[in-house]
Amino acid sequence: MLRRRVNFLGFMLAAAVLLHPPRMLATAPPPAARPWMNPSASPEQRADLLMKAMTLDEKITLMHGVEPVPIKGYVGYVPPIPRLGIPAITEADGRAGVGNGAKNVTLLPAPIAAASSWDPQLLNAFGKVLGEEQWKKGTNVELGPSIDVVRVPEWGRTFESYGEDPYFNAQMAVAEIQGIQSEGPIANANMYVTMNQESNRFREDSIVDERTLHEIYLPPFAAAVEQAQAGTIMCAYVKTNRVYSCESADLLSDILRKELHFDGWVMSDWGATHSTLSSVEHGLNQEMPGDKYFGLALKQAVQSGQVSEALIDERVRQILVPMFRQGIFDHPDHGSWSANVRTPEHASFSRAAAEQGTVLLKNQGGILPLAKTTSIAVLGEAGGSKPKAEGGGSSGVVAPYVVSPVDGLRRAAASAESISYADGSDLNAAAEAARKAQVAIVFVHTDETEGADRPSLSLPGNQDQLIAAVAAANPKTIVVLDTGGPVLMPSIDKVAGVLEAWYPGQEDGNAIAAVLYGDVNPGAKLPLTFPRTATAIPTSTRQQWPGVDGRSIYSEELDVGYRWYDATHNQPLFPFGFGLSYTTFRLSHLSVTPASVQTGSSFHPVHVRVEVTNTGQRAGAEVVQVYVGQPAANGEPPHQLRAFGKVQLQPGETKTVTLTLDQRSFSIYDESARRWISPPGRYEILAGTSSRDLPLHGTVIAGGGSQ
Ligand code: BGC
C-alpha cells in the first residue's frame, strides 16, 4: 500500500514537471510561502493569512462574477487566482437537481414535494443527493435551497420552496443545507428576503412591519445561519421597505450580521445589485453575475477614499471563511461539468422522495388503494403525453428520463392492457374512456415557473371541464394533481379520490403507481393551505398582491397561510398539515412538562408527549403536530406550529412521540425594543394531525423575561 502511494506520488511529480513549463514551476511559491494552505489552521486564521498576501485587485476579483462564464455550465463564475492557490468559485443552480443545462443528473421531485413528507431526514438526504451531484460536477457553491415562506398562493416559485410556515421552513432548510454541505459544496440560502411574488419581481417593494418580518419571513434564514451554518445567502431582487435587498442596512447589516451573526457571504441574485457604495457598505460581498458595480467602480471607490480598504478586507474575509470552512481550497479538483453524476441510488431516492411527498387529500369509500387488476382509464396530458415532472425557470433540470404515469401504472398493473390512455383534449373521448373502465384517473397540472405568478388559482385550460366530464361518466374518478401549489377544485364533491403529487421528478409514474396501488402508504401532509375560493385567501386585495404602484403591502401582517384562515374563521378546502393515509390513527395521552416555565436565561425546554396508535389494517406513518396558542394579549394568530414529528407504526402498534418546545414558542418580537420578549401568561398547547384537527389540549404557564 505504502509502496503504491510512493509510486503514485512519484508519478504525479513527474507528470507535474512534464505538464508545467519550468518557468511556471520556478515562480510558483513553495508550500511554506502559502501558510493559508495549512488545513489544521482555523478557517478564520487561514483567511487572515491569505488576505495579507492579496492585492486590492485580487480582493476585488473575489467580489464579483465574470461574464460570459468561461467554463461551460456554471451560471456564476469567479476566476481562480493561481498565484495564491485560490480556486475558481463555481456556482450552479439546483433546487430539484443540478440545473443550468447539466446532463446526466438526477431530477428530484420539487422541494415542495420533498417538504410534504414532513420528514427532515428526507430533506437531509435530498440535500446530500443534490450536494454530491453538484460536487461531482465541479460546483462548489450550490444555489439552493429556496427557503422563503410562501405568502401568496399564486407565487410562481412556490414549488421551489417548502411551504407557508416559518418554523416548518426553518426545519426543512436546516436539514437540506446540512445535507448539501456534508457533500462538499457551500449551500446558498435564498432568496433573502420577502421574495414572495414574481409579478414585477425586479422592482417590487414589500412593505412589511418589523414584527412580521422577524416572526414570519426571517426564521428560515435565521435557522439557516444559526443552525446549519449556510456559507452563503442570496439577496433577493425585491425591495423590502423601500430599499433593495442587496443594499439594505436593515436586512444585511442590522439583521444578518448583527442579530444573526452571519459570518459568510452575501451574493446578489442575478442582476439584483443596484449600487456600489451602499451595497458594499451595508453588507453585500459579491455581485453576480457580472462586475457592473463591484468591478472597476468598486476599485475606483477604494482609490478615491470613498470605500476603505478595511471594508474590502471585511467583505473578502466573509467570502474566504466559508470557503476554507467547507474545504474548497483543500479539494480543488472534485469534478467536472461533463461528468455523469446520476446513479441508480439517486434514482431510487428520487422515487422514494416522490412517494413520501404525495399527499392523499380525499379517499371516499376507501376507493384507494386500487387492486392491480382494476381496469383504469388514465386521462390528461400530465398522465401520459406530457408528464409534469418539474417546474420552470432557473430550477429547471435536464431530466435523464421521465416515467409517465400511464407507463408507471402499466408496469405495476397485473396486466398492462387494463390501462387505457387519452390526453383529455377531446372531452367526449375522455368521458367515453372513463365509462369503459372501472376507475378513471385524471392527471391535471399547472405550469408554474420563475418569472411569472399564476394568473389565477384555477387549473389552466380545459382541465376543470375534463374533471367534470370524467366524473359525470364514472363516479369512481380520482384526480391526481401535478401542481406546484394550491389549486381550486370546483368538482371536488363529484370525485371519489384526490392526490397531490406535486412536480414529482423523473420517477413520476413509478411513484404515483406505487401510491395508487398501495405498495406505498401515503404519509405526507400539506405544507400549505388549499383555499376554497379564489378570494378566500390571505392576500386577496390588489394592494397585497400583485401590488399597486410597485408596492405590495403586507397588511395581513402575521396572518400568513393557515394563520389567516384560523383568525378569520374561514374554512379552507384542505388545511395546512392535512393528509390522509390508507390506515387510521388515534392520538391520546397528551402530557406537557413542565407545566410552568421561566423564560429568559433560566428557560428549560417544554416536553410534549403524545401517544399515537395505528388503529387500521396497514402499516403507515402519522405526523404529530404541536401548535402553540399564545395569550390573547400577545396579539398573535390563534395558534402556530412549533414542533412536529413523524412516526411509523404497524397495525395496532402504539408509540409515544416526544417533541420539544423551545423558548421561541413562548415569545413575540417586540418591534419597539427590537428584540424577542416572552410575555407572561397561559399558553395553549394543541396537538393533532393538521392545523384544523387538534383534539389534544394542554397548557404552559410562562413567566416573563427577555432573551
Ligand atoms: C434566480 C435565482 C438563480 C439565478 C441564477 C435568478 O434569476 O432568481 O434563483 O439562482 O437566476 O440562475
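A residue is taken as buried when its relative accessible area is under 20%, and in the predicted model described here this criterion is met by 9 of the 9 residues of helix α18 (residues 508-516), which is accordingly mostly covered. The buried residues are Asp-508, Gly-509, Asn-510, Ala-511, Ile-512, Ala-513, Ala-514, Val-515 and Leu-516, and the elements that cover them include the helices α14 (344-357) and α15 (405-412) together with the strands β13, β14 and β15 (497-500). Helix α18 is followed by Gly-518, for which phi is positive, near 80 degrees.

In helix α17 (residues 463-473), the buried residues are Gln-463, Asp-464, Leu-466, Ile-467, Val-470, Ala-471 and Ala-473. Their cover includes β11 (376-379), α16 (427-436), β13 (439-445) and β14 (477-482); β13 and β14 are also among the elements that cover the buried residues of α18.

An open sheet of mixed pairing is formed by 4 strands, arranged in the order β8-β7-β5-β16. Because β8 (243-244) and β16 (551-553) stand at the edges, each with a single partner strand, one side of each is left without a neighbour in the sheet. Within this arrangement, β5 (residues 205-207) and β7 (residues 239-240) run parallel and are joined by 2 bridges, with Thr-240 of β7 serving as the bridge partner of Ser-206.

As to the confidence of the prediction, pLDDT averages 95 over the chain, and 95% of the residues score at least 70. Over residues 1-27, by contrast, pLDDT stays under 50, and for this segment the model has 2 contacts beyond four places in sequence.

Key. Residues are numbered from 1 along each chain as its sequence is written. This is a predicted model: local features need pLDDT of at least 70, side-chain atom pairs count only at pLDDT 80 or more; totals for chains, interfaces and linings use all residues. Side-chain values use heavy atoms; hydrogens and water are left out. Two strands pair if DSSP finds at least two bridges between them. Buried means under 20% relative accessible area, exposed over 50%, partly exposed in between (1.4 Å probe, protein chains only). Contact means heavy atoms within 4.5 Å. pLDDT is the predictor's confidence in each residue, from 0 to 100.
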